[in-house]
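Reader: I am new to this structure and would like a close look at a single part of it, the empty space that is enclosed inside. Could you take me through that part with care, and then set it beside what else you can describe?

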Amino acid sequence: MSVATLTHNPFRSFWMAGYECTDQQNCFGHRVDFLPLTGHLQLIEQDYQDLQSFGLGTVREGIRWSQVEKTPYQYDWSTVADMLAAGQRNGIQQVWDLCHFGYPDDLTPLHPMFARRFAALCRAFVAFYRSLRPDDELIVTPINEVSFMSWLGGDARGTVPYCVGQGWEVKYGLMRAYIEGVVALREADPTVRIMTTEPLIHIVPPLNASRAEKQRAKEFTEHQFQAVDMLCGRMCPELGGRPEYLDILGFNYYYNNQWEIHTHHRLNWVNEPYDPRWKPMSALLRMAYKRYRKPIVLSETSHPGMDRPSWMQMVGEECAEVLRQGIPLWGVCLYPILDRPDWDHLDRDWHRSGLWDAVLRPDGPPVRVLHEPYAEALRDAQALVEPLLATSTEAFTFSAL
């Protein structure tokens, strides 16, 4: 299997939008399905048209594995076909998650048939996609946030398989499926591009920490790279990972991605008051780039509530710094672009984390209301970054960092 190195930025726009597409079973064992809950399925035409004024020409979408494969090895692509058609009508490039958060009812990452079923899904998706889009550049995230899902389902009992102390086993099962899925995707179509989407975190020792505490925090921070290391074959080579299975490094970064190891005390993202342990986002992205030397996408970022504009300002400034350093940053995805409720408590207040807020109504999908301060901050960030994009080279070269 020969796969050409990705030497150009395949994304239609630098600034992207992500639609919350989780279909997982939550901590109470209830299946949630956010695409219809947020109204995106019902209002996809409006949602895509609303993106135009912000130049958001690329989106992250999910197929919702549990909805596509309700019977083993039998696939219903009708909803995905409708979404593809809406993207084509509105000139939107769609990047697809095959497993965002959620598996079919009869599967968990610990199931002996999990990897085989996922690989079959990957083959079927490529066949379906190419039947409708034979010439498009196809970018796929096989499994979203393996590190987070391993903790949520393997250690925190927050979703399937509802375990404690089995985070590594869940991660190993997910990565077995991930790698077998990539093999299946590439066998079906060698031009498919793989984008990882792992959390970007920084775990710190206590102030005045001992040498052992500092080492422990460093080890825990390193764990964030286990999934990508497995994909590349650097770790657990028996799974079959290879360097060419990684095309684009996606990292998800939120306000709570830096914390103290034992207390889990969150470091304030504005670093006020000053904390010498805190690292700016640009430093974390630089660290990741130096590890893998692959182009980077900030695949998820947002902030709930009133701090959305300040967060967007920070993201713009940090992305500008990344580009000034010569790091190939190929995009930023605002995720979620639409407001969403809590997975476990759907009846509580929504997060107020989107560019558009959701006004609920009893007889239809939520009404979209643009959050003007966030929109203004986004436009400012775009203006800051745009000159740097114009002067950056299109071809990807290794930066001498």
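Author: In this predicted model, the largest cavity has a volume of about 40 Å³, and the count of cavities of 30 Å³ or more comes to one. Its lining is made up of Val146, Met175, Tyr178, Thr196, Glu198, Ala227, Val228 and Leu231. Helix 7, strand 5 (193-199) and helix 9 (226-232) are the elements that each give two or more residues to this lining, and the largest share, three residues, comes from helix 9. Sorted by class, the residues around the largest cavity divide into six nonpolar, one polar and one charged.

The open space can be described in a similar way. The largest pocket holds about 1,500 Å³ of space and is lined by 45 residues, among which Ser147, Phe148, Trp151, Pro199 and Trp259 lie nearest its centre. The elements that contribute two or more residues to the lining of this pocket are helix 6 (146-154), helix 7 (167-188) and helix 8 (211-222), and helix 6 gives the most, with five residues. By class, the pocket lining has 18 nonpolar, 18 polar and nine charged residues. Helix 7 is thus named for the cavity and also for the pocket.

From the spaces one can turn to the packed part. In soluble globular proteins, nonpolar side chains tend to be buried together. Here the largest nonpolar core has 117 residues, and those with the most contacts inside it are Leu51, Phe125 and Ile337; helix 5 (residues 114-132) supplies the largest share of this core, 11 residues. Leaving aside residues up to four places away in sequence, Ile337 touches Ala17, Gly18, Tyr19, Leu51, Leu56, Gly354, Leu355 and Trp356.

A charged residue completes the view, namely Asp339, which lies in the loop between strand 10 (329-334) and strand 11 (356-361). Asp339 counts as buried because its relative accessibility is 1%, where the cut-off for buried is under 20%. A polar atom of the Asp339 side chain lies 2.6 Å from the backbone nitrogen of Arg352, and the backbone nitrogen of His351 lies 3.4 Å from a polar atom of that side chain. With residues up to four places away in sequence again not counted, the residues that Asp339 touches include Thr38, Trp350, His351, Arg352 and Ser353, as well as Gly354 and Trp356, and these last two are also among the residues that Ile337 touches.

Definitions and conventions:
Residues numbered from 1 in each chain as written. Predicted model: local features only at pLDDT ≥ 70, side-chain atom pairs only at ≥ 80, totals over all residues. Heavy atoms only, no water. Helix = DSSP H or I, 4+ residues; strand = E, 2+ residues; numbered from the N terminus. Buried < 20%, exposed > 50% of the residue type's maximum accessible area, 1.4 Å probe, protein only. Polar contact = N/O pair within 3.5 Å; in protein donor to acceptor, adjacent residues only side chain to side chain. Contact = heavy atoms within 4.5 Å. 1 Å grid on protein atoms, 1.4 Å probe; cavity = no way out; pocket = protein on both sides within 12 Å on 5 of 7 lines; lining within 4 Å. Points joined across faces, edges and corners; volume = space filled by probe spheres on them. Nonpolar A, V, L, I, M, F, W, Y, C, P; charged D, E, K, R; others polar. Core = buried A, V, L, I, M, F, W, Y, C linked by side-chain atoms within 4.5 Å.
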